[in-house]
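Hi,

Here is the structure I promised to pass on to you. Have a look at it first, and then read my notes below.

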Amino acid sequence: MAILEIKDLSRAFGGVKAIDELDMHVESGEIVSVIGPNGAGKTTLFNLITGLLPTDGGEIVLDERNIVGLRPSQILALGIARTFQNVRLFPEMTVRENVMVAQHCRTRAGVIPAILRLNRREEAQIRKKAEETLAFFGSRLIGYRFDQTAISLSYANRRRLEIARAMASDPRIVLLDEPTAGMNPRETQEMTDLIGRLRDERKYTIVVIEHDMRVVKGVSDRVVALDYGKKIADGTYEEVAHNDRVIEAYLGRKAVAEA
Amino acid sequence: MAKVTGPSAKAEVSSKRELFPARPVDLRRAVKVGLSSGAAAVFVAAAGIVAKPRLGDIHIVDGVVFGYLILFAIPAILGHVAAKPPPQLEGFEATRPGPRNVLAGVIAGVLTGAALALFLLVAGNINLRPVLSNVSPPLIEKLSFGQSLGVAALILLGSGTALGLAGGALHLVPPLWRRAVFGGLVWVFAIGLLEDFFDEVLGNMGAGYVADFLYQRGGGLASVGGLLVFALFAALYAYLGHRKISVRTLVDRVPEDQRRGARLLIGAILLVLLLLVPQILGRFYSHTANVAGIFLLMALGLNIVVGLAGLLDLGYVAFFAVGSYTAAVFTSPGSPAFAPELTFFAALPAVVLAAAIAGILVGTPVLRMRGDYLAIVTLGFGEITRLIVLSDWAAPVFGAARGIRQVPNITIPAVGFEIVDPQHLFYVILVFLAFAVYASYALQDSRMGRAWMAIREDETVAEAMGVNVVAAKLWAFIIGAVFASLGGALYATQIGSVFPHGFAVIVSITVLVVIITGGLASVPGVILGSLVLVALPEILRQFEEYRFLIYGALLIFMMLNRPEGFIPSRRRMEELHEEEVGQDVWLRTQQERQSTEAG
């Protein structure tokens, strides 16, 4: 059953069609990689799904409900969480607080309960859940790191923290935008394993934008290739990797002719 | 078996490594500092502080007057700055103090002295008054020490040089002694300058004889008193520096399980001291404390809007005005249109409600604005509020320029005790402040507090992470407005009337300067900021004319040297000094690795 269905989606920046009448779907519990050359519209697709950009036309259907036009916070509440290509944490907040923020839409206590200290139980729950989520990453983000500011973390840990933040919002679908960018081979391998664990242990449906083909090969149930905002291939890694249009998009027409 | 690298092994490695030669004191920088120093000295001279009656002639210590002191402190302090060794870099040998420090100090001193001498020669021969109105004949007389211009210019040059030399030579003194000398001098200056204040306070504490001993009546510290104060504080600084004691190390020394108790004890002592404050301060200075307290209440509110939520509101005075006018309308029999003549506490719900509505009215149109645009629009709202209460249109309700008079004093409900004395009003303000401080801390560590911080850090991501940005921003405005309106209501009853001219832009600016210099998002910083920037100027009334000059200078100094404020919130300090913190973190992980590997 398709948990997320994208129909006829379009978005242009000036004259450039970043997403051009795109159709795609994501099945519940699968890991889908979105690949494509630079400027193919991958990140724009994520921004449209999460409501950070308004669409020009088309539908994004989550569980038979069109989510186009909802605010990003409402979309998160419906269960789509994401990370960002250029890691966007809350730098001056602590590691724990970064994760606690993501539970905003799952909790209630407002200003007046906070002043009257009626929020203690909920605060304790938020805190506990944040710490449990961080423990998912082994010993990297726990202990004294709870109280460190996000800005003081190493690059790989910042990426992990961003994923932890997305996890804390209890999502059903997690959109990962280049989770291994800037990582060394060992960290990349770890991230590949982690993406698998996110699905197996957390039961998330995962859409991942990725440039590193070893990662794509390692994690994907299915690969979708974009070029100029259109879907040019959709299938298993093997199918897409040997698709002529995909090779052409990456290498140019001449290379395909020679091959 | 894991490799054990103890601290000794590490030290060996670093001693083996070849170090680059020490970086010398930069003489070109000394020239630059000297030129700035000269400019500063000429500025202070031309501002005429030296010859201002009741300001330039304040005696700090027997025979040392404020005017000359402030002028000649410039070459000494900047001589010291010019001679400061370059920052210690890793891999370089430490710069040892030597003749080059003294030389740098002399350079700065000579340039300062020369600038002053030049200024004197020019001002003595050409009438500068049309341009610089403070350059009066008495000023020139003061600057020339009763000598001819040429001799005086030489004296200025010579003394500048000598003071620069002294400032530079101070680097040859071991740091501990240097700190002691500085500490002693600063306290002598403060205690000498604040003679009236300390005289009153010591008198109220039943220690008037201490004041009699320290001060010569109406003329600053007596020589013996000055020496005593200097010796006392220098010794204190030397002792603390020697034992490496600071408040933080004292806190760390208390065992973990006793911290809570220690904190309660400190809180109790603070509370007792606070309750004694009006008695210690006396009537006049209690009034000053009340003014500072009202500003502090506003500052705590603005700290939520700007410090936590990052919404730069330059029209914050609008909410102060709303609180003042609502309180006045509801309590004063002199309210023109509608005068229910409620008591202060009965009117409070109306004040809070009006503030909340004002918060929403200001907050809603600016929801989509960020940064600079938000600042400009809120600035406009502040002015609009003032113009509305000043207008003829609203005159039937707010009385236009005549304002609303006869705002009654606060009456304590159950006992019917009317608060007339500022010493009693202090306690009422204290209760409001206690609530505001408590609420600030409670909100900081709440779901909404985190949402505010997230918006401050990155609004787009906050929204994408599920924060309802609209609601969170409106709540920030509402809370800020409520704090300010409570301050406004207290202000109205304190002075017994409200006028439009009391709500000018400068109130917003003052509160903003308080929280920025104090430390954004830091409650202790905001408290210290309002003491230094509101209470101190009230005590030092002689400086009224230079108040905003000092504010400006302080702001520039803080932005350059301590952008995180007097008492920063920990996180801001980390962001603004990222590299140092990064190094700390690295060291900590190294230690951790060592301990895990060894264990």
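Let's start where the two chains touch. The contact takes in 32 residues of chain A and 30 residues of chain B. On the chain B side, six elements each supply at least two residues: helices H17 (422-444), H18 (447-457), H19 (459-464), H20 (469-495), H24 (570-576) and H25 (578-598). H18(B) gives the largest share of that side, with 7 residues. What classes of residue does chain B bring to the side that touches chain A? There are 15 nonpolar, 10 charged and 5 polar ones. Keep in mind as you read that this is a predicted model.

Now for chain A by itself. Its secondary structure comes to 10 strands and 11 helices. The radius of gyration is 19 Å and the globule rule gives 18 Å for 259 residues, so chain A is as compact as a globular protein of that length. Along the principal axes, the C-alpha trace of chain A spans about 70 × 40 × 35 Å. Of its 259 residues, 43% count as buried. If you take the contacts in chain A between residues at least 6 apart in sequence, 67% of them join residues at least 24 apart.

Next, find the open sheet in chain A. It has 6 strands with mixed pairing, in the order S6-S7-S8-S3-S9-S10. Why do strands S6 (80-82) and S10 (230-235) of chain A each have one side without a neighbour in the sheet? Both stand at the edges with a single partner strand, so one side of each is left free of a neighbour there. From one strand to the next, the twist averages 20°.

Inside that sheet, S7 (residues 173-177) and S8 (residues 205-209) of chain A run parallel and are joined by 5 bridges. If you want one pair to look up, A:Leu175 has A:Val207 in S8(A) as its bridge partner. Two helices are worth finding here too. Helix H7 (residues 185-202) of chain A lies across S3 (31-35), S7 and S8 of chain A, at about 160° to S8(A). Helix H10 (residues 244-251) of chain A lies across S9 (222-227) and S10 of chain A, and runs at about 130° to S10(A).

Chain A also has a hairpin for you to trace. Strands S1 (residues 2-13) and S2 (residues 16-27) of chain A pair over 8 bridges in the antiparallel sense. One bridge there matches A:Leu4 with A:Val26 in S2(A). There are 2 residues between the strands of this hairpin, and A:Gly14 in the turn has a positive phi of about 60°.

Over to chain B, which has 25 helices and 4 strands. Its C-alpha trace spans about 85 × 75 × 50 Å along the principal axes. The radius of gyration of chain B is 28 Å, which agrees with the value near 25 Å for a compact globule of 599 residues. Buried residues account for 42% of chain B.

One helix pair in chain B is a good place to finish. The axes of H12 (residues 259-308) and H21 (residues 505-518) of chain B come within 9 Å and cross at roughly 70°, which means that H12(B) is roughly perpendicular to H21(B). Residues that meet in this contact include B:Phe295 and B:Leu302 from H12(B) and B:Val511 and B:Ile515 from H21(B). By class, the contact has 9 nonpolar, 2 polar and no charged residues.

Cheers

Technical notes:
Residues are numbered from 1 along each chain as its sequence is written. Chains are lettered from A and ligands numbered from 1 in the order in which they are written. This is a predicted model: local features need pLDDT of at least 70, side-chain atom pairs count only at pLDDT 80 or more; totals for chains, interfaces and linings use all residues. Two strands pair if DSSP finds at least two bridges between them. Axes are lines fitted to C-alpha atoms, for helices over the stretch in contact, and angles run from 0 to 180 degrees between N-to-C directions. Two residues are in contact if their C-beta atoms, placed from the backbone, lie within 7 Å. Ala, Val, Leu, Ile, Met, Phe, Trp, Tyr, Cys and Pro count as nonpolar, Asp, Glu, Lys and Arg as charged, and the others, Gly among them, as polar. The radius of gyration is taken over C-alpha atoms; the globule rule is 2.2 Å times the number of residues to the power 0.38. A residue is buried if 20 or more other C-beta atoms lie within 10 Å of its own, exposed if 12 or fewer, and partly exposed in between; C-beta atoms are placed from the backbone. Angles under 35 degrees count as roughly parallel, over 145 as roughly antiparallel, 65 to 115 as roughly perpendicular and the rest as oblique.
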